[in-house]
Amino acid sequence: MKKLLGLLALVIAAVALYLLVTPSPIDPLAWEAPPAPTMTGVLEPNDTLMKAELLGRGQVHGPEDTAVDAQGQVYSGLHDGRIVRIKADGSVETFADTQGRPLGMDFDASGKLIVADAYKGLLSIDTQGQIKVLTREADGLPFKFTDDLDIARDGTIYFSDASSRFEQPDYLLDLLEARPHGRLLSYDPASGTTKVLLKDLYFANGVALSANEDFVLVNETYRYRITRYWLTGEKAGSHDVFIDNLPGLPDNLQGDRNGTFWVALPTPRKADADFLHRHPWLKAQMAKLPRALWPKAIPYGFAIAINEQGEIVRSLHDTSGTHLRMVTSVKPVGDYLYFGSLDNDRIGKLKIR
């Protein structure tokens, strides 16, 4: 027993020494998160996501976002840099390889697949899988974490650079640091011009245009909120909070251009994360530890629908996290929703109408 206690004391001393001498990779700030909303009413847990058909099960790893072409084939970007295509018969084939990390994606009017690649920037991929880089920087600052996008009727691409400080594998460091490193941008394919619309965002993530394209939304994942940037009208060029204090971390965002926005929530709110935000020193120490020792996301499937007035009108759940978990995108196409995931091995397809 004495030997065991002695060994434990040595381990504790070694960890304490390690934390003392090792510099933290972050410079965190304190933040007081608002109390999480109760999961009642429209947020009442249900089993709707358990009814989703599963595409590419076991053949895809980390299909973070999806896009569907005119033939109904489903595309998605994987951890290994490939963009795969799931055909009508369920087979999976490689469409392109960015050699990066493809995240948000959608087709433009000409049938090209526009992709936000975390490492490579904003890309355009033709029907033969040939890749063209559209833009990699704005105002002299290179993109560090190109994340999500939406395409206007005039061809303008609105997209996000989640963090100018941390790259994709270190997205949780951005969470712990609690500083605003994100930007909302636009790219004009006619002129090749990239503009910064908003900066100093707290992890700029999902992007979606309104039905009339009078405003564009961007998720601020690590503030549990969605920010609105006005494109037309008296408020053009200004921004405000569209909805605050969401019940989870908002990831990708997609509008159906019919007045509804679908928001993917990879995990519900966690009390320990909100507690940590109040204590910068604890966050600095945690950032030094191996990721295996960090608090884990709740295995849960979660998505919400929001109308253009900023009201939550529906929620979809998989409370077990066994069918669909860590949902990072919800893509409305016709009568269906397609669900991507950062770490799951499948894409969900759910008939919604």
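Analyst: Ala, Val, Leu, Ile, Met, Phe, Trp, Tyr, Cys and Pro count as nonpolar; Asp, Glu, Lys and Arg count as charged; the others, including Gly, count as polar. These classes will serve us below in a model that is predicted.

User: How should one look for empty space, and how much of it lies in the largest pocket?

Analyst: In general, a probe the size of a water molecule is rolled over the atoms, and this shows where space is left empty. Here the largest pocket holds about 980 Å³ of space. Its lining numbers 39 residues, and Tyr171, Leu172, Pro295, Ala297 and Met326 lie nearest the centre. Two helices, H2 (171–177) and H3 (271–277), each give at least two residues to this lining. Sorted by class, the lining comprises 23 nonpolar, six polar and 10 charged residues.

User: How much space lies in the second largest pocket, and how do the residues of its lining divide by class?

Analyst: The second largest pocket has about 590 Å³ of space. It is lined by 33 residues, and those closest to its centre are Asp106, Phe107, Asp108, Ala109 and Ile151. The lining divides into 15 nonpolar, six polar and 12 charged residues. Several strands each supply at least two of them, including S2 (66–68), S6 (102–107), S12 (146–151) and S24 (327–333). S24 provides the largest share, three residues.

User: A cavity is space from which the probe cannot get out. How many cavities of 30 Å³ or more does a search of the whole structure find?

Analyst: The search finds one. The largest cavity contains about 40 Å³ of space. Its lining consists of Asp65, Asp148, Leu149, Asn252, Leu253, Gln254, Ser329, Val330 and Lys331. Strands S12, S20 and S24 each contribute two or more of these residues, and the largest share, three residues, belongs to S24. By class there are three nonpolar, three polar and three charged residues.

User: Asn252 appears in that lining. Is Asn252 buried or exposed, and why?

Analyst: A residue is called buried when its relative accessible area is under 20%. Asn252 has a value of 3%, and therefore counts as buried. This residue sits in the loop between strand S19 (239–243) and strand S20 (253–255). Its side chain makes a polar contact with the side chain of Glu64, at 3.5 Å.

User: Which residues of the largest nonpolar core touch the most other members?

Analyst: A nonpolar core joins buried residues through their side-chain atoms. The largest one here has 17 residues, and Ile226, Phe242, Ile304 and Ile306 touch the most other members. Strands S17 (215–220), S18 (225–230), S19, S21 (260–264) and S22 (301–307) each supply at least two residues of this core. The largest share, three residues, comes from S22. Another core, of 15 residues, lies apart from it and includes Ala303, Leu316, Leu324 and Leu337.

User: Where is the place of Ile304, and what is Ile304 in contact with beyond its neighbours in sequence?

Analyst: Ile304 belongs to strand S22. The relative accessible area of Ile304 is 0%, so this residue is buried. Leaving aside neighbours within four places in sequence, its contacts include Leu43, Leu246, Pro247, Phe261 and Trp262. A chain may also bring residues together in space. Ile304 and Pro250 are 54 residues apart in sequence, and their C-alpha atoms are 9.5 Å apart.

User: What does Phe242 touch, not counting residues up to four places away in sequence?

Analyst: Among the residues that Phe242 touches are Phe215, Leu217, Ile226, Phe261 and Ile306, together with Arg228 and Glu308.

Notes. Residues numbered from 1 in each chain as written. Predicted model: local features only at pLDDT ≥ 70, side-chain atom pairs only at ≥ 80, totals over all residues. Heavy atoms only, no water. Helix = DSSP H or I, 4+ residues; strand = E, 2+ residues; numbered from the N terminus. Buried < 20%, exposed > 50% of the residue type's maximum accessible area, 1.4 Å probe, protein only. Polar contact = N/O pair within 3.5 Å; in protein donor to acceptor, adjacent residues only side chain to side chain. 1 Å grid on protein atoms, 1.4 Å probe; cavity = no way out; pocket = protein on both sides within 12 Å on 5 of 7 lines; lining within 4 Å. Points joined across faces, edges and corners; volume = space filled by probe spheres on them. Core = buried A, V, L, I, M, F, W, Y, C linked by side-chain atoms within 4.5 Å. Contact = heavy atoms within 4.5 Å.
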